[in-house]
Amino acid sequence: MLSDDFSISQLAIPAVSVLISFLAYTSQYFFLRFEDAPLQKDEVWKINIFAICIWICYYRACYVDPGRLPSDRKLANPEKQEEPGLGRQRWCRRCEAYKPLRAHHCKTCQRCIPKMDHHCPWTSNCVSHFTFPHFIRFLFYATVGMSYLETLLWSRASIVWGNRNLPSYMGPSIVQLGHLFILFVVNSLTVFALFILLVRSLYSLIFNMTTIESWEIERHETLVRRARVLGGHLDGPGGIKVRIKKHEFPYDIGIWTNIKEGMGGSANIFSWFWPLAATPDRRTGWEFKTNGFEDPGSSWPPPDPDRIPWPMNRADPGDSSLQSYSSARETVEAFKRRQAEDIDRRRPFAEVQRRQRFHDRFQKESYDSDEDRGPGPVYGDDSDEGEESWRNAEGERLRDFGVDEDVEFYDEDDVPLAVLMQRRKQR
Ligand SMILES: [Zn+2]
Ligand SMILES: [Zn+2]
């Protein structure tokens, strides 16, 4: 019987393990019994060394902790808080903790992950500041090892093809032919998919840019294009205008340093390839060097009017303290109403205030310019209605990387007042 909390994702690691075993070991069984060109000793060595490297790196990509915010950092980033012009401090409503730069809240791991790249379904783990080196080594050894296997399979297949006119009893059996065919197809498809993933991860490494950050850059470029059409500004929540200008990505600090930092900080090139290399120092991962091309006042990601918080008094119809009530009962009722509204607003995720899609707003405005401007909230849980369903050129939206989109796309809350007060006291 399957237990209640069973999910299909739990099959990912066993499935990948079966795939590795099938390719690495049944191929050797096939080669050993293939009489026309049995496996050479050095070929046996190479296949098995690749297999060991793949196993070690895969195990570490799956089971090394992707990182968690140390408790002394939960409430404040001591160096960078509240300084005017250092960018807004980010706050995670789910963790109820300070969210460091480049961290994102993973829906599966259920916490903020440092320098989160994406949550990988095939390792059932986050690719993060701490797991990226293991992950990319796994991709590297898998791609190289399987490419090597491809050449061995190719040489046997060409022998079979060359003997196609010989009597059939002289060639391999039907079972062997079927086995060779399946090995060939499975290995080719897998190595192709892994090669693409490896190229993408190498790009991330060389430019020090996570997959999520690549998405953010595309999103930013879209906003810049929108703003160019609309006079340099876009409408933010509560009718505010947000000036949109081109921001440079700040974490690209040169190819050599990017690779070094991405591989755990060691300048020893050998250690980048060593399957047993140490996981990056657990004290790192919360602050990152920047290239300094940006104004000191800016932070990444750049301002996005659809993601910035609503003003605190957004539910009030005007300043309620100025309203007068004719009777005591009315006053009490008004108070109760405001209290209920406050509770509603504070109820953490009951209703994320989704913004209408940009194109819907834009069309509406051009037909009916008297409508109140600004991205009005869309209520409800249908998350395809809001601007968060924006997709990049590859058709990916933020949640496709495994992040919790409700708290990642909609930056609804600033640092809570209670935390600011506590921080002030500590000083
Ligand atoms: Zn979080
Ligand atoms: Zn995760």
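**Fold, annotated sites and confidence**

Buried residues make up 29% of the protein's 427 residues. Buried means 20 or more other C-beta atoms within 10 Å of the residue's own, exposed means 12 or fewer, and partly exposed lies in between, with C-beta atoms placed from the backbone. This is a predicted model: local features need pLDDT of at least 70, side-chain atom pairs count only at pLDDT 80 or more, and totals for chains, interfaces and linings use all residues. Residues are numbered from 1 along each chain as its sequence is written, while chains are lettered from A and ligands numbered from 1 in written order.

Biologist: How many helices and strands does the protein have?

Modeller: Both are DSSP runs, numbered from the N terminus: helices are H or I with at least four residues, strands are E with at least two. On that basis the protein has 11 helices and 10 strands.

Biologist: What share of the contacts join residues at least 24 apart?

Modeller: Two residues are in contact if their C-beta atoms, placed from the backbone, lie within 7 Å. Take the contacts between residues at least 6 apart in sequence. The share joining residues at least 24 apart is 69%.

Biologist: Which residue does UniProt annotate as "active site"?

Modeller: The annotation comes from an unreviewed entry. UniProt positions use the numbering here, feature names are shortened, and annotations may be inferred rather than shown by experiment. The residue covered is Cys120.

Biologist: Is Cys120 buried or exposed?

Modeller: Cys120 lies in strand 5 (residues 118-120). Beyond four places in sequence, it is in contact with Asn125, Val127 and Phe135. It has 21 other C-beta atoms within 10 Å, so Cys120 is buried.

Biologist: What is the phi of Ser124?

Modeller: Most residues other than glycine have a negative phi. Ser124 sits in the loop between strand 5 and strand 6 (125-127). Ser124 counts as partly exposed because it has 18 C-beta neighbours inside 10 Å. Its phi is positive, near 50°.

Biologist: Glu96 has a positive phi too. Is Glu96 buried or exposed?

Modeller: Glu96 is in the loop between strand 1 (91-92) and strand 2 (97-98). Its phi is about 50°, and it is not a glycine. It has 12 C-beta neighbours inside 10 Å, so Glu96 counts as exposed.

Biologist: How far apart are the end C-alpha atoms of residues 177-199?

Modeller: The unreviewed UniProt entry marks residues 12-32, 138-157 and 177-199 as "transmembrane region". Residues 12-32 are 100% helix, with end C-alpha atoms 30 Å apart. Residues 177-199 are also 100% helix, and their end C-alpha atoms are apart by 33 Å.

Biologist: At what angle do helix 1 and helix 4 pack?

Modeller: Helix 1 covers residues 12-33 and helix 4 residues 174-207. Axes are lines fitted to C-alpha atoms, for helices over the stretch in contact, and angles run from 0 to 180 degrees between N-to-C directions. The axes are 11 Å apart, and the angle is about 140°.

Biologist: Which residues of helix 1 meet helix 4?

Modeller: On the helix 4 side, the partners are Gln176, His179, Leu180, Leu183, Val186, Asn187 and Thr190. On the helix 1 side, they are Leu19, Leu23, Ser27 and Phe30.

Biologist: Which element has the lowest mean pLDDT?

Modeller: pLDDT is the predictor's confidence in each residue, from 0 to 100. The protein averages 82, and 79% of the residues score at least 70. Strand 6 has the highest mean, 97. The lowest, 56, belongs to strand 10 (residues 377-378).
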